[in-house]
Amino acid sequence: MPTDPVALTADLIRCPSVTPEEGGALALLSERLSAAGFDCRRADRGGVANLFARWGPKDAARRFGFNGHTDVVPVGDAAAWSVPPFGAARRDGALWGRGATDMKSGVAAFAAAAIDLVTETPPEDGAVILAITGDEEGPAVDGTAALLDWMEAQGESMSVCLVGEPTSRERLGDTIKIGRRGSLSAFFTVTGVQGHAAYPHRAVNPLPAMARLMDRLASATLDAGTDHFDPSTLAVVTIDTGNPATNVIPAACRATVNIRFNDRHTGASLIRWLEAEAAEVAQAFGVGVEMETKLSGEAFLTPPGPLSELVAAAVTAETGLAPELSTGGGTSDARFVKDHCPVVEFGLTGRTMHQVDEHVPVAEVEALSRIYARLLRAYFA
């Protein structure tokens with residue numbers, strides 16, 4: 001009997017796996033996958049639970065990998081939900097609960113497809129790998145990155161990988177992600193000399209310097225886009241002095257910017273540009289400017305080719321849609337996988353992810369699992 005991806009999604013929703021709690025989700029998957037002949041091992045690190053599962057020989061000629069996560073964001077105000085957040089209620093043709101969309105349904109869909117493949121039509125000289133983390137919604141330091149480190153140490157590898165994140169915009173099948181923009185945050189502190197607002201000549205006001213710096217950064221044109229990416233963007237997300245007084249020039253001012261950048265840039269090249277802009281403003285205003293940065297991920301692209309064509313063909317066969325190859329949106333764990341093997345992302349529409357009353361249409365979960373199953377059959381044909 002085929003594995004029911006909707007029932008598996010419901011079972012996963014009932015596991016309260018709010019980052020970084022495992023909540024029983026990976027234990028449940030390990031049990032189901034082991035019963036189908038998968039070699040399941042934990043690759044935990046830093047208090048984060050991770051699961052590696054492989055069916056087939058380690059040295060198989062073709063090794064198709066799936067990546068996803070079972071951790072979910074907090075429910076927020078549970079009283080605002082119309083259903084228990086971890087109850088997996090089924091109504092109005094949908095399955096309700098935290099993680100229903102992001103992304104327990106995706107994990108269930110590819111797990112069901114993988115189980116059915118290896119039990120019904122096991123591939124010759126092939127392996128199916130599932131790399132599932134419990135830390136995608138959190139810091140992501142000991143999640144998929146830890147899994148990949150563990151795999152390297154164990155001599156495990158994927159030939160190609162599909163990340164099952166929600167990627168479709170309006171309808172299941174309309175979008176495949178073949179890359180992602182990079183993300184860099186920069187934290188500035190401009191330091192002057194505190195003083196009385198009536199005697200500005202006795203102080204050095206950091207605010208005009210910060211205003212100039214933020215204006216320069218926000219007004220800059222980073223690029224005009226590339227063949228597969230939109231233009232890079234910079235957003236000023238906070239400016240703060242912590243100064244409640246109207247007659248005091250503050251000693252310091254802080255601001256943060258976030259850059260989403262395409263493959264014309266690297267984190268290092270953007271940091272050099274930010275440093276140069278900060279140094280110029282510091283000299284012009286006679287203030288000190290310090291900067292700290294956090295690079296969440298570099299921009300990357302899996303060029304259109306065999307992997308994206310294989311996924312697109314499976315999508316079209318099941319949905320009738322010709323999916324757009326996109327690099328839009330935020331970051332995902334594909335930013336780690338891209339250093340291991342070619343990777344694309346395909347999954348559900350994400351209309352209610354992270355929202356109160358998160359839910360997923362049952363028909364979408366079933367269709368997604370059929371797409372993954374078709375994809376596996378085509379890959380190993």
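## Helices, faces and backbone turns

Just after helix H7, glycine 320 has a positive phi of about 80 degrees. This is a predicted model, and that glycine is a handy way into it, since H7 itself gives a clear picture of a helix with two faces.

Helix H7 covers residues 306–319. From first C-alpha to last, its 14 residues reach 20 Å, close to the 20 Å expected at 1.5 Å a residue. Its buried residues are Leu307, Ser308, Val311, Ala312, Ala314 and Val315. Viewed down the axis of H7, these buried residues fall within an arc of 160 degrees, so they line one face of the helix. Pro306 and Glu309 are exposed and sit on the face of H7 turned away from the buried side. What do the buried residues of H7 pack against? Their partners are strand E7 (160–163), strand E8 (175–177), strand E17 (324–326), strand E18 (343–345) and helix H9 (362–380).

Now for the wider setting. The protein chain has nine helices and 19 strands, and its C-alpha trace spans about 80 × 45 × 40 Å along the principal axes. Of its 381 residues, 53% count as buried. Among contacts with a separation of 6 or more, 80% come from residues 24 or more positions apart.

Helix H6 (residues 267–285) can be read in the way we read H7. H6 has 19 residues and reaches 27 Å from its first C-alpha to its last, close to the 27 Å expected at 1.5 Å a residue. Gly267, Leu270, Ile271, Leu274, Glu277, Ala278, Val281 and Ala282 are the buried residues of H6. They cover an arc of only 135 degrees around the axis, which puts them on the same side of H6. A general point helps here: an α-helix has 3.6 residues a turn, so residues three or four places apart point the same way. The face of H6 turned away from the buried side carries the exposed residues Arg272, Gln283 and Ala284. Covering the buried residues are, among others, strand E10 (182–191), helix H5, strand E14 (252–261) and strand E15 (288–297).

The pairing of H5 with H6 deserves a closer look. Helix H5 (residues 206–219) packs on H6 at an angle of about 145 degrees, with the two axes 10 Å apart, and the crossing is right-handed. On the H5 side the contact is made by Pro208, Ala209, Arg212, Leu213, Arg216 and Leu217; H6 contributes Trp273, Leu274, Glu277, Ala278, Glu280, Val281 and Phe285. By class, this contact has nine nonpolar, no polar and four charged residues. Leu274, Glu277, Ala278 and Val281 of H6 take part in the contact and are also listed as buried.

Helix H4 (residues 144–154) has Thr144, Ala145, Ala146, Leu147, Leu148, Trp150 and Met151 as its buried residues. These pack against strand E1 (39–42), strand E2 (50–55), strand E3 (62–69), strand E6 (126–133) and helix H8 (334–337).

H4, H6 and H7 are each followed by a glycine with positive phi, and two residues other than glycine have a positive phi as well. The table gathers them.

| Residue | Place | Phi |
|---|---|---|
| Glycine 155 | just after H4 | about 75 degrees |
| Glycine 286 | just after H6 | about 70 degrees |
| Glycine 320 | just after H7 | about 80 degrees |
| Histidine 354 | loop between E18 and E19 | near 70 degrees |
| Aspartate 357 | loop between E18 and E19 | about 60 degrees |

Most residues other than glycine have a negative phi, and most peptide bonds are trans. Are histidine 354 and aspartate 357 buried or exposed? Histidine 354 is partly exposed, with a relative accessible area of 41%, whereas aspartate 357 counts as buried at 16% relative accessibility.

Two peptide bonds are cis. The bond from threonine 19 to proline 20 has omega near 5 degrees, and proline 20 is found in the loop between helix H1 (5–13) and helix H2 (25–35). The bond from aspartate 102 to methionine 103 has omega near -15 degrees, and methionine 103 lies in helix H3 (residues 100–120).

Finally, leucine 301 is found in strand E16 (residues 300–301) and is partly exposed, with a relative accessible area of 26%. Leaving aside neighbours within four places in sequence, leucine 301 is in contact with Ile178, Gly179, His228, Phe229, Asp263 and Thr327. Aspartate 263 is 38 residues from leucine 301 in sequence and 7.8 Å from it in space, C-alpha to C-alpha.

Note on methods:
Residues are numbered from 1 along each chain as its sequence is written. This is a predicted model: local features need pLDDT of at least 70, side-chain atom pairs count only at pLDDT 80 or more; totals for chains, interfaces and linings use all residues. Side-chain values use heavy atoms; hydrogens and water are left out. Axes are lines fitted to C-alpha atoms, for helices over the stretch in contact, and angles run from 0 to 180 degrees between N-to-C directions. Helices (H or I, at least four residues) and strands (E, at least two) are DSSP runs, numbered from the N terminus. A crossing is left-handed if the near helix is turned anticlockwise from the far one by less than a right angle, and right-handed if clockwise. Contact means heavy atoms within 4.5 Å. Ala, Val, Leu, Ile, Met, Phe, Trp, Tyr, Cys and Pro count as nonpolar, Asp, Glu, Lys and Arg as charged, and the others, Gly among them, as polar. The expected span of a helix is 1.5 Å times one less than its number of residues. Buried means under 20% relative accessible area, exposed over 50%, partly exposed in between (1.4 Å probe, protein chains only). The arc is that of the directions from the helix axis to the C-beta atoms.
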